[in-house]
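User: I would like a close look at a single part of this model, followed by an account of the elements around it. Please give the criteria behind each term as it arises.

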Amino acid sequence: MSSSSRSPQQPVLQLQQLTRVHGSGATEVHALRGIDLDVFPGELVAVMGPSGSGKSTLLTIAGGLDVPSSGRVIVENTDITTADRKTLAALRRRSIGYVFQDYNLIPALTAAENIALPRELDGTSARKARREAITALEEMSLGHLADRFPDEMSGGQQQRVAIARALVGDRRLVLADEPTGALDSETGESVLALLRARCDGGAAGVLVTHEPRFAAWADRVVFLRDGAVVDQTVRSDADSLLTGRTAER
Ligand SMILES: Nc1ncnc2c1ncn2[C@@H]1O[C@H](COP(=O)(O)OP(=O)(O)OP(=O)(O)O)[C@@H](O)[C@H]1O
Ligand SMILES: [Mg+2]
């Protein structure tokens, strides 16, 4: 890979003419109908749209958890739709962090162990992986949670640990599907602040949300309807359109 192709202007995520058809024949559902989207380093993009508009489908395909019917998904210069399984698995562990609505922490592991696990699976020594996990928690002012189990943390704390797990190591793409769904709005804001901070630090983020107040943390809002992008708005518009929230950053 040449150095120029890894310049800051290169998108971390590129979706090109993405389609996804679920089922076939009479039960066919066109979940995505030709989506184009680039997400650059430092950028947080919110995806909004009605239930069933294709938001989760878009995110799972972007994260390599589902495959498109046609189109391309390029993550850090690798086309994950044509990559072999080993390459895809490595890319998912190293470059892509996924945050689910229900946290998805492993109940039998502490916060630090949850964060260290994907790194250990990737061949990092247990000691180094733990050190990285502690550092990731401390960077997010969550160091005091390192040895707690998920059921010893609040929902908001679990979700922030899940974000730390999604971003540990060199992962530069974080995909979050309704990460604030189960949280009260104040705790949701703290989760969003964390996501925003990591994007400001150079990661690229895609956030699916129903909440305009959370979408207002994004640089851009993409609106989906019936599997297509129907509108896009940049941050200054998004502020006035969505919440009236003024730029605070
Ligand atoms: N595995 C599947 N099999 C069949 N149809 C599916 C499958 N997954 C999703 N769909 C359909 O694809 C469309 C898009 O679903 P998707 O889950 O992406 O919507 P969404 O925007 O995330 O909705 P929500 O806001 O309710 O989470 C819907 O019509 C849904 O019923
Ligand atoms: Mg969904």
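How do the residues of the shell around ligand 1 divide into nonpolar, polar and charged?

Analyst: The model is predicted, so local features are reported at pLDDT of at least 70 and side-chain atom pairs only at pLDDT 80 or more, whereas totals for chains, interfaces and linings use all residues; side-chain values rest on heavy atoms, without hydrogens and water. Residues are numbered from 1 along each chain as its sequence is written, chains are lettered from A, and ligands are numbered from 1 in the order in which they are written.

The shell around ligand 1 divides into 3 nonpolar, 8 polar and 1 charged residues. In this division Ala, Val, Leu, Ile, Met, Phe, Trp, Tyr, Cys and Pro count as nonpolar, Asp, Glu, Lys and Arg as charged, and the others, Gly among them, as polar. A residue belongs to the surroundings if one of its heavy atoms lies within 4 Å of the ligand. The residues that surround ligand 1 are His22, Val29, Ala31, Pro50, Ser51, Gly52, Ser53, Gly54, Lys55, Ser56, Thr57 and His210.

Secondary structure is taken from DSSP runs numbered from the N terminus, with helices (H or I) of at least four residues and strands (E) of at least two. Strand 2 (29-39) and helix 1 (55-62) each contribute at least two residues to this shell, and helix 1 gives the most, with 3 residues.

Several polar atoms approach the ligand, where a polar contact is a pair of N or O atoms within 3.5 Å; within protein, one must be able to donate a hydrogen and the other to accept it, and residues adjacent in sequence count only if both atoms are side-chain atoms. A polar side-chain atom of Ser56 lies 2.9 Å from an oxygen atom of ligand 1, and a polar backbone atom of Ser53 is 3.2 Å from an oxygen atom of ligand 1. His22 places a polar side-chain atom 3.4 Å from a nitrogen atom of the ligand. On its own, ligand 1 has 640 Å² of accessible area, of which the protein covers 57%; such areas come from the Shrake-Rupley method with a 1.4 Å probe, and for residues only the protein chains shown count as cover.

Strand 2 also leads to the sheet it belongs to. Four strands form an open sheet in the order 2-1-4-5, with antiparallel pairing; two strands pair if DSSP finds at least two bridges between them. Strand 2 and strand 5 (78-79) stand at the edges with a single partner strand each, so one side of each has no neighbour in the sheet. Strand 4 (residues 70-75) and strand 5 are joined by 2 bridges, and Ile74 stands opposite Asp79 in strand 5.

The loop between strand 2 and strand 3 (44-48) holds Phe40. Phe40 is partly exposed at 29% relative accessibility, the classes being buried under 20%, exposed over 50% and partly exposed in between (1.4 Å probe, protein chains only). The C-alpha atoms of Phe40 and Ala204 are 5.8 Å apart, although 164 residues separate the two along the chain.

Ala204 begins the range of strand 8 (residues 204-208), which pairs with strand 7 in the parallel sense over 5 bridges. Val174 stands opposite Gly205 in strand 8. Strand 7 (residues 173-177) has 5 of its 5 residues buried, so it is largely enclosed by the rest of the structure.
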